[in-house]
Structure formats: structure tokens, C-alpha cells
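Biologist: I should like to go through this model with you, one point at a time. Please give the reasoning behind each reply.

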Amino acid sequence: MTGAVRVQRNIGYTAATSRVKPNLPPVGSNSVKFREEYADRQTILDQGSTMNVNFSDDELTFRDEVRNFLQEKYPADIREKQDSAVALGKDDMVRWQKILYEQGWAGVNWPVEYGGTGWSAIQKYIFANEIAAVNAPEMVPFGVKMVAPVIYTFGNEEQKARFLPDILMSNVWWCQGYSEPGAGSDLASLKTRADRRGDRYIVNGTKTWTTLGHFADWIFCLVRTSSDVARRQEGISFLLVDMSTPGVSVQPIITIEGEREVNEVHFHDVAVPVDNLVGEEGKGWTYGKVLLQHERANIAGVARSKYRMKHLREKYAQSIDGGRSLLEDRNFARKLAAIEIELKALEYTELRTLAAVAVGKAPGPESSILKVKGSEIQQAIDALTVDAAGYYALPYVPQQYHLDFPADERIGSGAETQSSLRYFNNRKASIYGGSNEIQKNIISKHVLGL
Amino acid sequence: MTGAVRVQRNIGYTAATSRVKPNLPPVGSNSVKFREEYADRQTILDQGSTMNVNFSDDELTFRDEVRNFLQEKYPADIREKQDSAVALGKDDMVRWQKILYEQGWAGVNWPVEYGGTGWSAIQKYIFANEIAAVNAPEMVPFGVKMVAPVIYTFGNEEQKARFLPDILMSNVWWCQGYSEPGAGSDLASLKTRADRRGDRYIVNGTKTWTTLGHFADWIFCLVRTSSDVARRQEGISFLLVDMSTPGVSVQPIITIEGEREVNEVHFHDVAVPVDNLVGEEGKGWTYGKVLLQHERANIAGVARSKYRMKHLREKYAQSIDGGRSLLEDRNFARKLAAIEIELKALEYTELRTLAAVAVGKAPGPESSILKVKGSEIQQAIDALTVDAAGYYALPYVPQQYHLDFPADERIGSGAETQSSLRYFNNRKASIYGGSNEIQKNIISKHVLGL
Amino acid sequence: MDFSVTEEQAMLADAVARFIDNDYDFETRQKIAQGDAGSGKEMWQTLAGLGWTALPFNEEDGGLGGGPVELMLLMEQFGRGLVIEPYLPTVVLAGGILRRAADDSQKARWLTALIGGELQAALAFAEPQARFDLADIATTAASRNGLYVLNGRKAFVLNGGDAELLIVPARTSGGRRNRDGITLFALAADTAGIARKAYRTVDAHRAAEIVLTDVRVQPDAVLGQVGEGFGTLEATVDEATFAVSAEATGIIRSMHDKTVEYSRNRVQFGVPIGSFQALQHRMVDTLMVCEQCRSLLLWATMVSASGGTGVQRAISALKYQVGSSGRRVAQEAVQIHGGMGVTWELDIAHFFKRFTAIETLFGNSDFHLDRFVALAGD
Amino acid sequence: MDFSVTEEQAMLADAVARFIDNDYDFETRQKIAQGDAGSGKEMWQTLAGLGWTALPFNEEDGGLGGGPVELMLLMEQFGRGLVIEPYLPTVVLAGGILRRAADDSQKARWLTALIGGELQAALAFAEPQARFDLADIATTAASRNGLYVLNGRKAFVLNGGDAELLIVPARTSGGRRNRDGITLFALAADTAGIARKAYRTVDAHRAAEIVLTDVRVQPDAVLGQVGEGFGTLEATVDEATFAVSAEATGIIRSMHDKTVEYSRNRVQFGVPIGSFQALQHRMVDTLMVCEQCRSLLLWATMVSASGGTGVQRAISALKYQVGSSGRRVAQEAVQIHGGMGVTWELDIAHFFKRFTAIETLFGNSDFHLDRFVALAGD
């Protein structure tokens, strides 16, 4: 029986089937292609229901639960710092993450067996939006989002028991040891050596761009355990290093806006127990790639960008000291709108990816699209925020962003003078985690097949 | 004596030279670099004078001479066709070019000895602008601008005497035989063979994208005279072929907008006298490249784009049937302005190149910049013209563009319905004459040294 | 929140996809485009036979009760197939007005035949001076001894030459650009006083300029309430805007796919041009545009399907995004195809022309970005 | 029409270029930027010694009679050298007002010292609520028994902290945004009632917020005619806009050159990154931006040098083009430098920050494109 007729019966159209064009061929390759294209949508579906943008009752209940939690448990002092652009200290971040842990919400993407939430894609989406909506800090990713998945996917039972709880509880601060000076996007060129001596590795080399490495207790590294290999990607291992080990030293790197955010981490004859090797020796490259894809799947930052757009709109809806509201400026309003639309599109691209992940697909090369578009949109918001601030984007007065700084002595209203610093600093968004050029190479090869 | 002091003396500042910082080193590499950068400006200069945007009296006199000529000699019927978007016939074009010849203005870029104008860069600039300002047709380039420079640069005396006068007088219509089916931008892959048989070449193969080939009497071709070569660029020769020779046939190619503009030219055992070989056998590639650079130096089309912008502004300054004027639409006005500014910049980039040519520099790889920017701007104007026409960009009614077609029966005001056809057709501007990708490769290699 | 399509919806899309592959390949499409009729009547009968002319109408009117999801799935495939049948003017535009405003006798007179594929129709949504302003209506309908007398000019009436039913918005009161005072009339195309100048469009569709001179009609030609036609007109054109945006999303996806495929096979300088990194990165950019447009199309579909506020805003966002970012995909597709991309012979050129027409249709990207800004933020 | 520069002008450019190469390399510049003073007083003396503080002034005032050509040549090189000396606020802005409006006694009091390098100055061209509207002045100057009493706030006064002379536009009549009723006052920075909050800017220049509270001044502080100061203010800021556009043209050219150089030497995946076609084509794009900006700078210089109408329009065109297209050059330069491009250590980061500041200075790209549209066509 032809698909056409099936369509009609299914939609309940029975009249004049005699007029149906006869003998249409059976479902061909094309409709298979169609099914693949739409497969991601099929995933979150209860059969019979159809596309709907509104939250279900269950989803609304969950959203209220998150809102209530944030209202009750999000510390007032941290909120005040966040809302007045005061940098959080390590203790602030740890305190907040422990509150999330107490609630059982620290391991959003973790499997339930290790203390994860087991949330659906929509629940994760709701949670991320609610957190961002009150401008609460995100979990620092290096532990819970980056090293943990590698440990619970490739680590042994002893390692899971030893490391995962402290990560989930934010008892241990982790940092990332991937990049090396001069290596840039060419990760596989890494030179840091880990030479086996009995039951220990002796680690020598330097890692760089280590974000918040000066806060960290432990570092996870890609190290070269064998240079006698055919491909540079071989002979690389995934090693966990206690930063209090003799021979580990951390040096600051000052970035464009003048702050210390990243570091160089030096290893001089650092002795690391072989127990700290994750998975098999020489398989580190594979593990690292999985990690990077997870990183990218979380990197779009849609919820945070939505908050920033809302904030921008609200701030400049108020007229500036009797000047006209910027929103009445058609150019500005159009730029704002164009970004909003691109962002709405990315929100749905991300939901489609989450949907795919929800049915077990690993976040594939498509996650590179989220990384590229996400960073492009973040940087567009950065630039628009600078435009909006006018001359007040230009004073360099980071010192005024402390709680004890008298508000009326501040230059610029709100965090205007931070806008350019953020714009400068966030040029990194299209460079780190595999530059956007690298992402495009990945998409070209693995999605377009070129 | 230090440069600083020299500056001061030259500007006539003598006071308190005691305050001059002592012993500045002599002119270093950098100022040499500076002189190179500014060399192009030094070329059109009378020493002592300085930068001025106004025309000199001599230049004004020349401009008036051109204006008077156009007022008196530009045929009314051709003007009417041009202004009402009616396509010119071959006879129209030839008639107009003969008028230019009578005036001695056919060979704008030719050396005086062959009947060229010997004009300065500014004069050529003025001439191009005045021609465009009245929307008069340009010379069809294939003879006067393309094959002629090759003949008077690399041809022998007999060839100069035989071909140049008929080109200058528009007695013979030339077309170009470079591209071949499947070759695309990879010109050197050409397969058309010319096998030496005694005092003749036997030509076999196909040329394509031959613009107005159906009007042409002669075709200049790159042909392969030897396949036993180290580099594909070798063994190529520059051959002139009478299209009435048996074995030459022309087939139309219909382009995106539905018109016949380009053709395929087939050669089947076409016998060509060896006298028609220009320069040395096997040197054709070199000659062709020179030609392409000349082509590019003329390809920016700044004057024509200026006319189109002026026309667009005038047309839509008038309100459309009682609707608001489009120029009152801020988006449209801003787009128009942005193109005007980019075009003004290109006008000066072209003047700088002409200036360089004026002092004997061949139009180098920089001419690729003119080609790329010129086509980008033309295509931006094409798109804006479509935007402006609204729904009247969409009717497909080429038949109404004939002088005898009753104006009040036309759909759309003026040539609105031609706007989309032009937009479609002119996508070629970034493809032909060496695609913009090829131009960027050239600039990257020869200007950036990458 | 639900991303899923039902089995029926998936099968509809399957059926349309198969129809394109088996009965509407490019050669067939080009033959229809060359033919004198706007489309093969036989082909229109086929569409009707497949039930698609009945898709958006209520079951009690003999329709299939389809909504935005079905329309999106159908039009996306129509884009892929470069379908030039007058589905938009007859079913979405004229049919949309009838669906929303016609009374039972009017439905009996027009809608049944339309659903059956025996009647083609058109909506005169534009006037020469109006550009994209739906309310800018100079055509007048004066009430004179029991009749309405219509005078005015209508521009770019899609399918206006072949339609047997013309739906004409005219002003019964109010000044130009005034949203009140607009009345919708259902006119038989052969009514005295209607002069139609039909023409092909650059994208091989068909349209007409229409002049109305003292056209006399009975009051029963009025669709809906006198003077209150604008709401119906706007809602119908919004739905049509959504439909062509879905079509355009299908078009740019096809152009992107065909370009990637071409770059794999097209050899220059001894290698496939798809191996050149500069082209690779540009094709990645166009892929991202396609995905972003598909996502926004999903969103707009879900918003439309859920009803409520924000539908207009979502549709303007979609039309803006597809038009402005899709233009880049279309231009890159032609550019990467090189000379072949600007020949009549290849389908790429015809995708390009249809996309360009959709860019203008119902308001270009600038118009819809301004409209998005003007509509209250969600 | 003449593109040439005179021998003197060429030698001036040579001299500035040598100064940058020999006395103002990046390390020196960074040391000055770290120092507490806005700039080494000694370095300022050097500039004066080279005659550059005298450049734009008439010879009878002890100047060198330089014009737009000289200013363009100097600022383009200052851009290349990332010069942070207060040349713009002291010589171009404050000096520009004095040049245009000061009488002989005022010149004697201020200009001679300024040319000699003994006096630094500033022009308070902005107010907190004004954004980029020069005429939006809320600061008042009330005439009270023979004195003027100034009250108000001035924002982002370049060099306002170190200046000994402050030129303050204030309203003696008319409403806000009114071009009439603006009067220019020359105030000694230590006048009672002037409170200055000085700060560094993100591009290592210096500025101040200034509050004026019942500041009493004699009528001889008025520069030019009472209530007619706007023309002088606008002409001076236009010249400064031209100057920073020339500086920005030098900056983006340097960023482009350094990026191409970096891509030649930076090895990734075993080859120089300059061998990647995607990067090559992007660096070709930035080269074209540099050439187009240089061309427009030439045009604006020639228009300015020729006087007559269209100068403002040319300057707005230039500022728009350099700002909007130059931003791409700056961002690409950082991107292609990768991680190193966002470190304090490399000069690229500091070029980027200075370029970004210039984008905003005297009105951003949007502002100047609108201004270009508003000014009558050439």
C-alpha cells in the first residue's frame, strides 16, 4: 500500500481515494534520509503528541522547584557580588558548589550511580536557564564537567571511589593540563614526559593556559609516556597529579585585560604514583578527545547569553541621565534583535543536540557547531555591550569593583567600565578549547566528509 | 645633520633648535619603507605642491572637452536605449566605438605610437567618469583592451600593422578563447591542441564562456602546441584565429537570467597559418598572464558603480506612487551610504594603482585587489537595487525592454524588473576573469608572500 | 515542551519527499516551468489526489485538519523540490482567507472546489505603492444602491492570471495605511471590470497585475465583517510567510548539500576543490546557517502550533534569519559552483532565483527585523 | 587633483617614523604606560623639541603652519608606535580651540607655553548623559555680578587629570542639545570649585571625570564669542576625529603586518600557519581593509586640505570605515595570534585595546554613518 494512502488514512482522509495517483513506489532512500534528519526530534517524544513550545505540568513543577531552591539557598552575599561585578573568591565558589551538592544537583550530567541527577534534556535546559536567570555562578567545570567524566568512563573502581566523591562535594579543586607553550591548537605535539620508574612516573615539562590553576589542588594532564610511536597521537597518557607534589610550580600569565586568570604549570622531576594513570597507558589521546566533546557540548553558554541580553535590554531601556533610551535607537535595537534571533536559533540547536545525547548518542562533531556559534554570539554580546556603554567602556578602574567601594564614587553606572575588559578577555572564547578554526576543520572532516 | 632638524628647517621652524634632541641616527630602513609606501603618491606630483582633491585648470579644461564631445557626439538613439534598459545591438556598439575612434579616443591605454591617447592617469580617470556619468557604453574590451596589448607588446611588426588598426577602428570584433569546459579557474589545464603541420597549425578543442562570441570575427586563444613539458604552463601558445575558418562553430550557453551572452566555441581540424602565432611558441602562458593583469586593472568598474549609485539615489528619492521615499528609510539610507563609502575608498585605491602604472610599473598583483573589491561592490549594488525594487524585482518580462514597447504598458517603473536579472547575471563578476578565490591566492602569494 | 512529530506527520513528510524524488525531479519541474499554463493541471490534480490541497482545512469542511507542523513539513520538501505548483496562492493565501472568514454558503461555493483541486485562487495582498505594508490599500469599494463598486490596482498577485477566484482587500472606509476599514471581497475572476496582466516571475512562478474598474459585486461577496478584514488578511499572510520560510529552509539545505557534493567531485589543479581549506570553512559556515535556520523554523513551528502570543514575532524572526543568513548560503553555492553555477542548465541557478524571490515575498529581511523589534518582546 | 606630499611632509613622516623606531619601541612605551605620570615629562619635552607640539599652529603664533597632511602623517606613525603621549588632548583638542578662538592675550597666556611643551591641556568635550552629542551640554555658566559661575559634570576628559589648562564648554543660554548658547571657557585647572577624578583608560591613556561646583571665572576666560562656541567646538572635534582615524589606520596596518609575519614563523602541525589557505584568504581580506582605509584616509586628507564643503562628511565616512572594517582586522589579528594574542606580554593586545578605544572616541561607527547620511550628499 502506498505511503500516500497511508498518510491519508492516518490523517483520517478517506474520501475519493479513487483519485489517488496509483502505484507510488515504496519508501525510498530519501524518506530514510528524512527520518535521520528528524531523528533528533523523535527522541524527546511521547508518541502521538506533537510539537509544542510550552512546558508540560511536570516541567513546570520542576522549574518551580529550582526557583524555590535558588530563592532560599543562593547566598545573598554571593548574589550581591555577582550583581555588582565583584569577582568571586575561591571560597565563594566552593561554598556555592557545596550548596548545590547538598541539594543533589552538583552532578547534572553524571550517571545516577555516581551521584548524578539523571535529569532529562529538558530538565537540564530548565536548570541552566534558572541558574542563569538569577545570575548565579556555574560550577567550575574542570572537576565536575571535565575530569570526572573521564574518571567514571575510563577509570578503575579504586579511582572512582577515591576521586569522584571529592569532586562532587567540591572538596578538591581541579585544573586542566592539556596545552603546552608553543603547542597552541596542535595538542598532539605535547612534550611533557612521564617516564616510568618502578611504580612511579617521573613527570617533566610545562603546561600552559591553566585556568585558575593557582586555586587548584589537583591537575589532570595529558603526558607522553612513549615517544617510540607511529602517530603523534599515540604514546600519550591521561595522568592525575597532586599539585602539592614536590617539583610542581605555578606561574601567572597576565591576559589582555590585565588580570590573572590563567597560569603556566611547571613539572620538574615530579614523582606520580602509577595508580594515578587513568585507563590504559598510551590511550590518553582518545580519552582527552571524549572530554573535549563533552566540554564543547557545554560550551555554547546559551542560558548565560540569554541573561546578558535581558540585562542589556533592561539596563538601556532606562534612559541614561535624562538622555534618550538606547532602545529607541533603531540601530541599537536592530543589533540587539539580530543577536536575540541568532541566540534563539542556537538555543534550539543546543536542544536538538541534547536530545540526541539523551538517547545515548555521544555529543559528536555537531558539538563543534555549538562551540563556534556559541562563542560568536558571546563575542557579539561583548561588543554590543561596549557599544552601549559609550565613553564609560573606556576607564580602566577594576579596583572599584569591591563590595566596600562606595557606589556613588564609582565611574560609570553599574558595571559599564567592565564591558571593555570583558570584551578584551573574551576574545579567548574563539581560541581556547580548540580554536574555531580547529572546530571548522573537525566539522568539515567529520560532518561534511571533506 | 639629524632628520628632525631637517624637518624643522624645511618647514621653516628655526627657533630654539637648541632644544632639538641630539644625534638622532640617520634615515633607517623604516623611512625607506615609508618612502615605498608613499611612492605611489609621489608619482603624480609636481614637486612643492601638496595633496589636493580639486581638479587643476588643465584637468577642468580636459573634463569640459570630454563633456562637450559626449553632448555632441553621443547618439541620441543609443542613449535612449541605454537609459531605458534596452539591450544594444552589435551595430549600435560598433557605431559608437567608431565615433570614439574618430575622436582619437578609442585607444585610451594604448601607446601613442599605435594611436593611443597618451593620457595621464587623471585624464583616464576623468574620461571614465564622464562616459559613465551619461551612461554611455564602454568599449567592448576583447579587442582594444585585451588582445591589442598582447599584440603591440609581443607581436611582430607585420601583426601590429595587420591587426591593430582594425581593432582601433572597430572593423573587426574579437572574442576571447581562454577557458575550456571543465577547466574553470585552472586555466593551465587547457586541452585545445594546435599541431604544427608545415606552415599551419591544426586546431582541435573547445573554448567556453566566450562572451559575445556570436558577434565575433576573430578569436584569440591559448592553445597547447606541445604536451611534452615539465610544467603545465609550458607548451602553451597565443594564437589568433579567423572565426570564418572552416571547422569553427559557435554554440550558445544560456545563463541564469535566461539570456544568451556567452558561448562555447568548437574547433574541429581548424587550419590556422603560423603567421597568426603571437610571440614565441610556448610562451603563451606568460602573455596571457600579462593580459589578465591588464584586464583586472580595468575591472573595478568604479565609474560605472558611481553612476549606478547616483541613479539609485535619484530614482528612490522620488516617492513611489505616493508611498514614502525609500531614502527616508534609515536602513536603506545606511546601506546606500555604506556602499558609497566603500566605493569612494576603491576609487582612491584605483587611482593609487593608476598612479603606479603611470610611472611604468606594470599593474601588479595589487590589481587583484581592484578585481575583488570591485566585484564585491558591484554585487552589493546589484542586491541593493533588488531590495529597492520590492515586488517589482520579480516579474520576468524582458520582452518589454524594446523601444517600440509602450511605456505605459510596462510593469514596474523604469527598469525595476531588470534589477533581479542583473543581480542573477552579475554573480559571474566574482567568478570570471579568475575567480575571487584565485585572486586571493595570488594576493596571498605575491603580495603577502605566503 | 515537545520536539516530536507524530507518526502521521512523519509519514506525510515521507510521502512528500517520495513525491519529489519520483514525480517531480528537476527535469519534470523544468518542463512544467516552460509550459504555458502556470502548472500542469494534471500535476495539480495529483497534489489534490494526494490530499495536500485539503491539508490545512477543518475536517467538517472536507479538510485534513493539518496545522503548522504539517505545513512546515510539506513546504520544506516543496523547497527541496523547487515545486512551482500554485499551492501557496491557492491553498495557503486564498484558502487561508476562506478558512478564517468565509460563511457556510461561501465555503460551499468556493472551498469545496478548491480542496477538490478543481478551483485555483489568488489573494491580492499587494498594491503598487504599498511596498510591504499590508494596510496600505488605495483600492476602494464604494457601496452604491445595494452593490459594492471596486476601483483600484493590485500588484504582483501570485497566480492572479490563472485563478478563477480572486480575493481582493479593498477600502470601505478609513484612510490609506489605516488598519480599520479594510473589507475582503471574493470575486469570480471573470467579473466585468477586472483586467489582468499575467506574467511569469523570475523564479518560474506566475503572477499578475490587476486593475479593477467599476467592478460591481453583491454584498454576499464580502468575506467576514465589513471594514474588519485586516486581522484575517494579516493572519493569513503571516501563515504564508511562515510557509515560504519553511520552503526557503529546504532550499538552502539543498543548495548546501549539492555544493558540498559538487566540491567532492569537482577537480581543479589535480584535486577536488572540496580539499581547499578556504572553501571547507565557508561550507562549514553555510552548514551552520542551515542548522540555525532549521532550529529557528522548529521554534517558530512550535510557537505557532502552541498558539498564544508571540506567533507574529516568531515568524518575523524566522523570515529575517532565513532571508539574511540564507542569502549567504545561496551566494556561496553559486560561487563554489563557479561558471556552472550561473548557467540555466544547472538546478543551482533555479534554487538561487526562487530563494531570492522568497527573500522579497511578504517583506524582506529588513522589514521583518523592524517588525520583530516593533512587536513586544517575549 | 594631486596625491603628492612635499619633500618637507615626507621628511616629517620620516622623522616621526625614526622616532618610533629608535626612541619609542614597545618596551619603552610599556614603561611609560606603567609610570604614574600620564607620560614621561621628559618624553613630552622630546616631542616639543622635535617641533611637533608646534605643528598645527600659525607661524605668527610660533607654530609650523602644518595642516591636515602633516597631522595625518604624524598620527599614522603615532598609531604604528602606540604613542600614549597626550598629543591629541593637548595639541589637537585644546590647542585646536585656542588656535581657532583665542585672542592675542589668551594665546600669550596659554598657547606659547603649550607649543613650548611646558603646558598640558584638555578639552571637556563630553558629559555623562550626552553619549556622542557634542551639543548635549547641561553644564551651566551663569553670569553673576561680572563673573561667570560654572556648574556641571564633564565625562571622560582626556588628559583631564594632568592638564594645567581645562577648556570647558558650558551653556550660557538655550536648552539642552541646542547648538546656540554654548560658550567656551579657558580655566586654570587649579581654579577653586573644580574636582577632578583622574584614571587610566583601558588603552593606557589617561582621562578624568570633572565636577564643577560654583566655579567663578572672569569674562576674559571666554574663548571667542559668548553663546557661539559650538562651531569652534565641532570643527576642533572633527579635526581630532580625523586625527584618531589616521592613528587607527596606522594601527590596523601594523596589526595586519605583524599577523602576516607571525603566520610565517608560527609552526603548527609541522607547517607555518601562514600556509593554511583559510588563514591566507582572511589575511588577504584584512590587507584589503587596510588598503581601503588608507585610500579613504588619503581622500579625507585631500578634502580637508582643499577646504570647502564636504569636510565633515568625509571625516564621518573615514571614521565609520576605519571603525567598522578595522574592527575585523583587529579581531583577526588577535584570533590568528591565538592564545598569545590575548596576553599582556604581546603588543598585539595593546594595539587591539587602543583601536577599540578609538572606535568609541568622538562617536562610534554607527554614529558616524548616521552623520554621513544626515549631511548633504557631495
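Biologist: In which hand does H7(A) pass H8(A)?

Modeller: This is a predicted model, and the two elements are helix H7 (residues 141–154) and helix H8 (residues 157–168) of chain A. Their axes come within 10 Å. The crossing of H7(A) with H8(A) is left-handed.

Biologist: Are H7(A) and H8(A) roughly parallel or roughly antiparallel?

Modeller: The axes of the two helices cross at roughly 165°. Angles over 145 degrees fall in one class, and therefore H7(A) is, relative to H8(A), roughly antiparallel.

Biologist: Which class of residue, nonpolar, polar or charged, has eight members in the contact of H7(A) with H8(A)?

Modeller: From H7(A), the contact includes A:Val144, A:Ala148 and A:Ile151. From H8(A), A:Phe163, A:Leu164 and A:Ile167 are among the residues that take part. Two residues of the contact are polar and one is charged, while the eight are nonpolar.

Biologist: Is A:Gly115 buried, partly exposed or exposed?

Modeller: A:Gly115 is in the loop between helix H5 (90–103) and helix H6 (121–133) of chain A. A buried residue needs 20 or more C-beta neighbours within 10 Å, and an exposed one has 12 or fewer. Because A:Gly115 has 18 such neighbours, A:Gly115 is partly exposed.

Biologist: Leaving aside neighbours within four places in sequence, with which residues is A:Gly115 in contact?

Modeller: In space, the C-alpha atom of A:Gly115 is 9.1 Å from that of A:Leu164, although 49 residues separate the two along the chain. Contact is judged on C-beta atoms, with a cut-off of 7 Å. With neighbours within four places set aside, the contacts of A:Gly115 are A:Gly107, A:Trp110 and A:Leu168.

Biologist: Which element gives the most residues to the side of chain D that touches chain A?

Modeller: In this pairing, 32 residues of chain D are in contact with 32 residues of chain A. Elements that give two or more residues to the chain D side include strand S3 (147–158), helix H9 (311–337) and helix H10 (347–360). By class, that side has 17 nonpolar, ten polar and five charged residues. With six residues, the element that gives the most is H10(D).

Biologist: How many residues does the largest nonpolar core have?

Modeller: Nonpolar side chains tend to be buried together in soluble globular proteins. Among the residues with the most contacts inside the largest core are C:Phe185 and D:Ile252. D:Ile252 is in contact with residues including D:Val289, D:Cys293 and D:Phe355. The number of residues in this largest core is 400.

Technical notes:
Residues are numbered from 1 along each chain as its sequence is written. Chains are lettered from A and ligands numbered from 1 in the order in which they are written. This is a predicted model: local features need pLDDT of at least 70, side-chain atom pairs count only at pLDDT 80 or more; totals for chains, interfaces and linings use all residues. Helices (H or I, at least four residues) and strands (E, at least two) are DSSP runs, numbered from the N terminus. Two residues are in contact if their C-beta atoms, placed from the backbone, lie within 7 Å. Ala, Val, Leu, Ile, Met, Phe, Trp, Tyr, Cys and Pro count as nonpolar, Asp, Glu, Lys and Arg as charged, and the others, Gly among them, as polar. A nonpolar core is a set of buried Ala, Val, Leu, Ile, Met, Phe, Trp, Tyr and Cys residues joined through C-beta atoms within 7 Å. Axes are lines fitted to C-alpha atoms, for helices over the stretch in contact, and angles run from 0 to 180 degrees between N-to-C directions. Angles under 35 degrees count as roughly parallel, over 145 as roughly antiparallel, 65 to 115 as roughly perpendicular and the rest as oblique. A crossing is left-handed if the near helix is turned anticlockwise from the far one by less than a right angle, and right-handed if clockwise.
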